[in-house]
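Reader: I'm new to looking at protein models and I'd like a close look at one part of this one. Could you walk me through it in plain words?

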Amino acid sequence: MKYQVAMPSQRIILGIGLAILLAIGAASIGLDIKSRLDTASVDHALAVLSKIADMRPLLHRAESTARSFAITGDQEFATEYQHTTGALMPALDRLIATVHDSPGERRLIEETRALVERQIAFNSELIRLRNVGDDAGIVALVSREDRA
């Protein structure tokens with residue numbers, strides 16, 4: 001007795017092939033979309049890191065010129081401090097604008113901005129007091145800041 005194996009019809013084979021091709025196409029489109037989203041996320045992260053890297057030298061320069069003025073009283077350091085802090089706040093604003101769509105990042109940078117503004121106000125007052133020769137005012141300002 002011979003067994004006859006039923007062969008699937010040509011339509012069924014073509015249907016299965018088409019389904020496989022559609023699945024591969026859908027997976028390919030999904031991976032392409034994910035790749036584009038990942039690329040956009042990396043580009044955003046690099047833009048934020050670049051702006052932070054641009055700000056770091058400004059922060060260091062502001063801090064060192066304020067200290068240098070406090071130590072030496074040289075007006076050139078005070079002028080450089082004012083110039084540096086004038087460039088610092090717009091840089092922070094640009095950084096905040098870059099992360100406007102991320103509430104967590106924006107909150108962190110706004111908190112940092114508040115700390116930077118506080119330090120700028122402190123150093124500016126210290127420079128003002130040093131310029132007028134108010135040593136008692138400097139001592140009071142520093143002690144008040146230390147307690148805060």
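Is Thr65 buried or exposed, and what is its relative accessibility?

Author: Sure, and keep in mind as we go that this is a predicted model. Thr65 counts as buried, because its relative accessibility is 4% and the cut-off for buried is under 20%.

Let's place that residue. Thr65 lies in helix H1, and H1 runs over residues 10-72. Leaving out residues up to four places away in sequence, Thr65 touches Phe77, Glu80 and Tyr81. Those partners take us to the next helix, since H2 is defined as residues 75-98.

So what does H2 look like? Helix H2 is made of 24 residues. From its first C-alpha to its last, H2 reaches 35 Å, which is close to the 34 Å expected at 1.5 Å a residue. Quite a list of its residues is buried, among them Ala78, Tyr81, Thr84 and Thr85. Further along H2, the buried ones include Leu88, Met89, Leu92, Leu95 and Ile96. Notice that Tyr81 turns up again here: this buried residue of H2 is one of the residues that Thr65 touches. And what covers the buried residues of H2? The cover includes helix H1 and helix H3, the latter being residues 103-132.

For a contrast with Thr65, hop over to H3 and find Glu125, which has its place in that helix. Glu125 is partly exposed, with a relative accessible area of 27%. Ile138 comes 13 residues away from Glu125 in sequence, and their C-alpha atoms are 8.6 Å apart in space.

Now zoom out to the whole protein chain. The chain has four helices and zero strands, giving the pattern α-α-α-α when you read along the sequence. The radius of gyration is 31 Å, well over the 15 Å that the globule rule gives for 148 residues, so the chain is more spread out than a compact globule. You can also see that in the box filled by the C-alpha atoms, roughly 115 × 30 × 25 Å along the principal axes.

That puts our buried threonine in context: of the 148 residues in the chain, 21% count as buried. As for contacts with a separation of 6 or more, 58% are between residues 24 or more positions apart. The accessible surface comes to about 10800 Å², with 62% of it belonging to carbon and sulfur atoms. Finally, the chain carries 17 positive and 19 negative charges, and the mean positions of the two sets are 10 Å apart.

How values were computed. Residues numbered from 1 in each chain as written. Predicted model: local features only at pLDDT ≥ 70, side-chain atom pairs only at ≥ 80, totals over all residues. Heavy atoms only, no water. Helix = DSSP H or I, 4+ residues; strand = E, 2+ residues; numbered from the N terminus. Rg over C-alpha atoms; globule rule 2.2 N^0.38 Å. Buried < 20%, exposed > 50% of the residue type's maximum accessible area, 1.4 Å probe, protein only. Contact = heavy atoms within 4.5 Å. Areas by Shrake-Rupley, 256 points an atom, 1.4 Å probe, with all protein chains shown as cover. Lys, Arg positive; Asp, Glu negative; His and termini not counted. Charge placed at Lys NZ, Arg CZ, Asp CG, Glu CD. Expected span 1.5 Å × (residues − 1).
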